[in-house]
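The report below considers one protein chain, beginning with individual loop residues and moving on to the chain as a whole and its nonpolar cores.

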Amino acid sequence: MNTFQLTCFLTVAETLSFAKAAKLLNVTQPAVTHQIHSLEEELNAQLFKRTTRSVEITQEGLIFLNDAKNVLNIISLAKKRFEEPVVDDRQFFSIGCHSNNELRLLPEILRQMADSCPMLYPVFQVVPFQHLYQLLDEEAVDVIIAFQEKSSKKIDGIYKELTQVRITGVLPATHPLAEKELLDEDDLRTQRLLLLDPQICPDNLNAVQHELTTGRAVSELLMCGSADACITLAKAGFGLAVQPDFPALRDPALAYIPIKDVEPLSYGAYYKSVTGKPMLKLFLQLCKDNFPVRPEL
């Protein structure tokens, strides 16, 4: 594996085109194709799905994306360090989560951390949930923020609850159901449900979705690839999005109505140990101070 292979991979991943990548790198398209093939052989994984019309990054490619970026960043930093030797006082703190949407929960917490640690250098690892806990096991992240998994046996770490999150039906604020305090089964039956794709959905939320969809026709359901996609479609009037309700992430144009008889989900932090990790201790304390302990009634 070499830096040119990684550069080719990242450029193709960004452009989703071997031809465009070749043009940006000022090399021939066969040269880019050869580098990607060599990398796939070394990793024993297919990084892209290629047809005559399109290029699509695979699940393995998405997993490798952060690794490739980190390797090139480390190499770049190492070169600069010797070009202009300086003392690096940055305090790296790596946070893992399931989706970019969850990063929106962190600005105030990170601001307060930076007040205490001016050299704070946050690093984010946004990884599909089935691979996220492997990063924790390998200590490639300091902490993971996520919904509590049904089975903690598969996660080698400590879980600390930060808040409990209601499951809500999300609709335009002008929708007739927006005035209700709770949505019951009859209300849900009148709406198409907008749900997260089970393959990217945390276990406990997936269980809620499964219960709500029992007996529903496929035409009454619409699976989305992200929480942002669910919210966008709800806002456009495609149906009711079943979503965890984080007050800090609410859109004022939408109504967030708790679903009757659905228990709140536990949301918190997974980590290995706080021993000798003052940054992690500070992060957990600030999360506790900034997240509401219980859902709003």
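## Loop residues, overall build and cores

Asparagine 44 is exposed, because its relative accessible area is 72%, where exposed means over 50%, buried under 20% and partly exposed in between, with a 1.4 Å probe and protein chains only. This is a predicted model, in which local features need pLDDT of at least 70 and side-chain atom pairs count only at pLDDT 80 or more, whereas totals for chains, interfaces and linings use all residues. Residues are numbered from 1 along each chain as its sequence is written, and side-chain values use heavy atoms, with hydrogens and water left out.

Asparagine 44 has a positive phi of about 55° although it is not a glycine, and glutamate 139 likewise has a positive phi of about 55° without being a glycine. The table sets out where these residues and glutamine 191 lie; helices (H or I, at least four residues) and strands (E, at least two) are DSSP runs numbered from the N terminus.

| Residue | Loop between | Relative accessibility |
|---|---|---|
| Asparagine 44 | helix H3 (29-43) and strand E1 (48-50) | 72% |
| Glutamate 139 | helix H6 (129-137) and strand E5 (143-147) | 56% |
| Glutamine 191 | helix H7 (185-189) and strand E8 (193-196) | 15% |

Glutamine 191 counts as buried because its relative accessibility is 15%. Leaving aside neighbours within four places in sequence, glutamine 191 is in contact (heavy atoms within 4.5 Å) with Leu171, His175, Leu177, Arg216, Glu220 and Leu240.

The chain as a whole has 10 helices and 12 strands, and its C-alpha trace spans about 65 × 55 × 35 Å along the principal axes. Of its 297 residues, 42% are buried, and among contacts between residues at least 6 apart in sequence, 74% join residues at least 24 apart.

Turning to the interior, the largest nonpolar core, that is, a set of buried Ala, Val, Leu, Ile, Met, Phe, Trp, Tyr and Cys residues joined through side-chain atoms within 4.5 Å, has 56 residues, and those with the most contacts inside it are Phe93, Met113 and Phe283. Helix H10 (residues 278-290) gives the most to this core, contributing six residues. Phenylalanine 283 is in contact with Phe93, Ile95, Leu106, Ile109, Met113, Val143 and Ile145, again leaving aside its neighbours within four places in sequence. A second, separate core of 20 residues includes Val32, Leu39, Leu47 and Val55.
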